Amino acid sequence: MTQAPTQARTVKLVYFAWVRERIGVSEETVAPPAGTETIADLVRWLKTRDEGYEAAFENEAIVRAAIDHHHVKPDAVITGAREIAFFPPMTGG
């Protein structure tokens, strides 16, 4: 019995403000490796891609994330996400 080839899951990543500036792109589509299940996993993987990502996510605790336009915590599961956005903390009122 042959198995159908599995297509790597892809997700659109969008970067805002200084996160975008450090990475050098405003958006991209990526195929995270197997085992990348949460926002925190995704950030850890992104940091390995190059020094721009490492700089952008140097302090993981302050970068915020949203999955499909809903703010989420680092332990949020990314399965099924179409878009994940990363941005610095917002201030103002």
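**Exercise 1. What percentage of the 93 residues in the chain do buried residues make up?**

Solution. The model is predicted: local features need pLDDT of at least 70, side-chain atom pairs count only at pLDDT 80 or more, and totals for chains, interfaces and linings use all residues. Residues are numbered from 1 along each chain as its sequence is written, and side-chain values use heavy atoms, with hydrogens and water left out.

Step 1. Fix the classes: buried means under 20% relative accessible area, exposed over 50%, and partly exposed in between (1.4 Å probe, protein chains only).

Step 2. Read off the share: 37% of the 93 residues are buried.

**Exercise 2. State the order of the secondary structure elements from the N terminus on.**

Solution. Step 1. Helices (H or I, at least four residues) and strands (E, at least two) are DSSP runs, numbered from the N terminus.

Step 2. The chain has 3 helices and 5 strands, in the order β-α-β-α-α-β-β-β.

Step 3. With contact taken as heavy atoms within 4.5 Å, residues 24 or more positions apart account for 52% of the contacts with a separation of 6 or more.

**Exercise 3. Describe the largest nonpolar core and the contacts of Phe-57.**

Solution. Step 1. A nonpolar core is a set of buried Ala, Val, Leu, Ile, Met, Phe, Trp, Tyr and Cys residues joined through side-chain atoms within 4.5 Å.

Step 2. The largest such core holds 21 residues, and Leu-13, Tyr-15, Ile-39, Phe-57, Ile-84 and Phe-86 touch the most other members. Strand E1 (11–15), helix H1 (17–23), H2, helix H3 (51–56), E3 and strand E5 (83–87) each supply at least two residues of this core. H2 gives the most, with 4 residues.

Step 3. Beyond its neighbours within four places in sequence, Phe-57 contacts Tyr-15, Val-19, Ile-23, Val-43, Leu-46, Lys-47, Val-63 and Phe-86.

Step 4. As background, nonpolar side chains tend to be buried together in soluble globular proteins.

**Exercise 4. Characterise the lining of the largest pocket, then place Val-72.**

Solution. Step 1. On a 1 Å grid over the protein atoms alone, a pocket is an open set of points where a 1.4 Å probe fits, with protein on both sides within 12 Å along at least five of seven lines; lining residues have an atom within 4 Å of a point.

Step 2. The lining has 14 residues, with Val-63, Arg-64, Val-72, Lys-73 and Pro-74 nearest the centre of the pocket. H2, strand E3 (64–67) and strand E4 (70–72) each supply at least two lining residues; the largest share, 3 residues, is from H2.

Step 3. Val-72 lies in E4 and is partly exposed, at 27% relative accessibility. Leaving aside neighbours within four places in sequence, Val-72 contacts Ile-39, Ala-65, Ala-66 and Ile-67. The C-alpha atoms of Val-72 and Ile-39 are 8.4 Å apart, although 33 residues separate the two along the chain.

**Exercise 5. Which positive phi values do Ala-17 and His-69 have, and where do these residues lie?**

Solution. Step 1. Most residues other than glycine have a negative phi.

Step 2. Ala-17, which is not a glycine, has a positive phi of about 55°. Ala-17 lies in H1 and is partly exposed because its relative accessible area is 32%.

Step 3. His-69, also not a glycine, has a positive phi of about 75°. His-69 is in the loop between E3 and E4 and is exposed, with a relative accessible area of 67%.
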